[in-house]
Amino acid sequence: MQLTQKHNEYWRKNLVVTAVLLLVWFIVTFVEAWYARELNTMTFFGFPFGFYMSAQGSLAIYVIIIGIYAWYMRKLDLEYGVDEGDLE
Amino acid sequence: MNQAVSHSAFKSQLKKYYSFYAGGFIGFVILLAIAEQMGLSKQWIGYWFLFATIGLYAGIGIMTRTSEVSEYYVAGRRVPAFFNGMATGADWMSAASFIGMAGTLFLGGFDGLAWVMGWTGGYCLVALFLAPYLRKFGQFTIPDFLAERYGGNIVRTIGIISAITCSFVYVVAQIYGVGLITSRFTGLEFGVGVFVGLAGILVCSMLGGMRAVTWTQVAQYIILIIAYMTPVVWLGTKHTGIPIPQIAYGYTLQKVTELEKKITADPKEQEVRKIFADRAAAGKAALADSDKSYTAGKAKLEQELAGLKSSNAPADKVAAAEKALAAYPKDVADAKKAWTRETGLAARAAPPRPHAQAFPGKDEAAQNTARLNFIGIVFCMMFGTAALPHILMRYYTTPSVQEARVSVFWSLFFIFLLYFTAPCLAVLAKYDMFTNLVGSQFASLPGWAAAWALVDPGLLNITDINKDGIVQWAEVLIGGDLIVLATPEIAGLPYVVSGLVAAGGLAAALSTADGLLLTIANALSHDLYYKMIDPSASTTKRVTISKVLLLVVAIIAAYVSSQKPGDILFLVGAAFSLAASAFFPPLVMGIFWKRANKWGAIVGMAAGLAICIYYMMRTYPFFTNMGVPVMPLWFGLSPVSAGMFGLPLGMVTIWIVSLLTAPPSKEVQELVEHVRYPHLTGDEIVSEAR
């Protein structure tokens, strides 16, 4: 079918949220690991902070990233009328 | 609307079943615990766990048997997000995660966290780039998508080969794990253990395909998470006083760091390390001129013996000297082996590796290489996760695109529960050993240490090197797998918990093996046979062929693992690098870039795979020992991380080659649009046309 202006807008918004979440993912993964030695000089709940992030913090943020994506996309689907109806 | 009602009814029914099931399982464990108090032997506890759990999986398999195509390949596409998340968790967490992970962290400290991050963060990529789109595409396998998107059988063939290669490597490791656990906890022979486990795998995946595998994996997840948490919570409460040790172990980590400093400075510890260093140096010196040192060493022993005899030394001294002479290597080749072993002791001459310190190294350059390798492993494991067919396939089974998105959330949540516990377990176990094992008398070792040292010297070896009768940390040699297996005993729990842990490890290995075998059999039966050889095959024939192939592949895999192939951890890592190089670029670019075309995909996949294989062949000792010429590491990056070259190369190649060749047809571009939107008016027509 022919895509409308609205469809293109939906896809653009999808790309934006994907990019933003990916940036967060990149920071808590690679930037964090790159500076782990520096972060380790700080203490957090008794942990060296770099160790804490790699062992728990980043992992929890991953779960949150995926949660936000699922929630936001559901909202976007409804807003732009591309949702799959009342399956849930 | 009707569908919606039945869907939520189905969901509440599932919740009821699995709550009963989890309760029943806990009851079963409690009953066994009571039986243990009344005198049930350890071996029988092992048998009970083994046969009860495998019987249970088989029962679920029989109850959910099916011959319908969509039930067999994608569980009828009605697995709710929550349960698909549990199934993915079990599918994902293998014997290596369950048993090996905590050990890797125990031995490697901070560096081991690369695996933890890599094997969780990859799900962000699955969620953002793949799961919803693949679900909308809605076919049966991953090569299906590649073939439809890029057209033609070449892409499908490369897809089939890559899917089979990485899954097969991985499944061998799983079946090996099954054999190890069953043989250790029941006393059955390794080979017998492999085949008992295999029966459990087959009964479920053969009868019911994806449907049976899904519902068994949910059951297996429940067992494995209970099994992992119980001893950790117990041990954590003992050391931190808080029943959620994952939060509180930061202070334990501080104590561990202090004890490490104490051990590094302790004169007795230094004495032991010096002995190791000296022995390593002596071995190295002897190796330098092996013929001469062999004769010299022998002559020296003979002289000593003669001297003792002529001076009428006490009988026990003479006997000791005779024994030393008898133990002397028979020939130079034997002696060389012994000396090489001695040089290896240099590793034990080092002070304990600081657990929390990131990227330890002797100078700035070494530290930076360590950091690069950390990032390399994280990178390859993440992108490999987002490209492993047996995981991606699971997102074909949800009822809708939105459920697929939510299901990735639950998947990672359930995986997270285990992965954020593993580093905690490593720290707690280390603290316990530093305080209870180090400094104890050899005559009265803690019970678990004495028991495990007897079971398998590869897992735990304690020798009084400096003969002072007291255990120094440097005298303890630990195999990684010990940590999880021995935690119940370290924590002072009854044997029934050890049996529970074994059942958990078995569940982890079986569930992953199930998913992998199914992927291989489907690639062969669906992609190769149905799509390429005989497109007119009836549905019954397709499913039957798939079942037969499953059996054949399983037997081959069991045979290969009974040969105990070498370094399994490397093979698993290699599978991830290969998957990342071959699958990730064409899958993601196929969805996000309409212009990507057939030739781009073919050349890109081939280039990514080729560079990955080339790098591994030229740098990994297994291949270079077989005569492949060695080449220096690029940027000091280890062979496991070959995907760090393969993936970018694959992406760039797809991009360049696609732009140089004709754009894909209008139908393909419409397919891309089709997968990008959860629902478009006219979707039904598109899916019927296919």
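**Chain A, its contact with chain B, and the nonpolar cores**

In chain A of this predicted model, 53% of the contacts with a separation of 6 or more are accounted for by residues 24 or more positions apart. The chain holds 3 helices and 2 strands, which follow one another along the sequence in the pattern α-α-β-β-α. For its 88 residues, a compact globule would have a radius of gyration near 12 Å, whereas chain A has 18 Å. Taken along the principal axes, the box filled by the C-alpha atoms of chain A is roughly 55 × 25 × 15 Å, and 35% of the 88 residues of this chain count as buried.

The contact between the two chains draws 41 residues from chain A and 47 residues from chain B. On the side of chain B that touches chain A, the elements that give two or more residues are α1 (2-37), α6 (113-137), α10 (245-265), α15 (364-385), α17 (401-419) and α28 (666-676) of chain B. Of these helices, α17(B) provides the largest share of that side, with 10 residues. Divided by class, the side of chain B that touches chain A comprises 32 nonpolar, 11 polar and 4 charged residues.

The largest nonpolar core contains 229 residues, of which Ile66(A), Ile175(B), Leu224(B), Val378(B), Phe383(B), Leu517(B) and Ala579(B) touch the most other members. The largest share of this core, 23 residues, is supplied by helix α9 (residues 190-240) of chain B. When residues up to four places away in sequence are not counted, Leu517(B) touches Val171(B), Ile201(B), Ser205(B), Leu550(B), Val553(B) and Ala554(B). Another core, which lies apart from the largest one, has 5 residues, including Val272(B), Ala280(B), Trp473(B) and Ala474(B).

Within chain B, helix α4 (residues 81-92) was also examined for its length and its burial. Because a rise of 1.5 Å a residue is expected, the 12 residues of α4(B) should span 16 Å, and this agrees with the end C-alpha atoms of the helix, which are 16 Å apart. The helix α4(B) is mostly covered, in that 12 of its 12 residues are buried. The buried residues of α4(B) include the aromatic side chains of Phe82(B), Phe83(B) and Trp92(B), together with Asn84(B), Thr88(B) and Asp91(B). Also among the buried residues of this helix are Gly85(B) and Gly89(B), as well as Ala81(B), Met86(B), Ala87(B) and Ala90(B).

Technical notes
Residues are numbered from 1 along each chain as its sequence is written. Chains are lettered from A and ligands numbered from 1 in the order in which they are written. This is a predicted model: local features need pLDDT of at least 70, side-chain atom pairs count only at pLDDT 80 or more; totals for chains, interfaces and linings use all residues. Two residues are in contact if their C-beta atoms, placed from the backbone, lie within 7 Å. Helices (H or I, at least four residues) and strands (E, at least two) are DSSP runs, numbered from the N terminus. Ala, Val, Leu, Ile, Met, Phe, Trp, Tyr, Cys and Pro count as nonpolar, Asp, Glu, Lys and Arg as charged, and the others, Gly among them, as polar. The expected span of a helix is 1.5 Å times one less than its number of residues. A residue is buried if 20 or more other C-beta atoms lie within 10 Å of its own, exposed if 12 or fewer, and partly exposed in between; C-beta atoms are placed from the backbone. A nonpolar core is a set of buried Ala, Val, Leu, Ile, Met, Phe, Trp, Tyr and Cys residues joined through C-beta atoms within 7 Å. The radius of gyration is taken over C-alpha atoms; the globule rule is 2.2 Å times the number of residues to the power 0.38.
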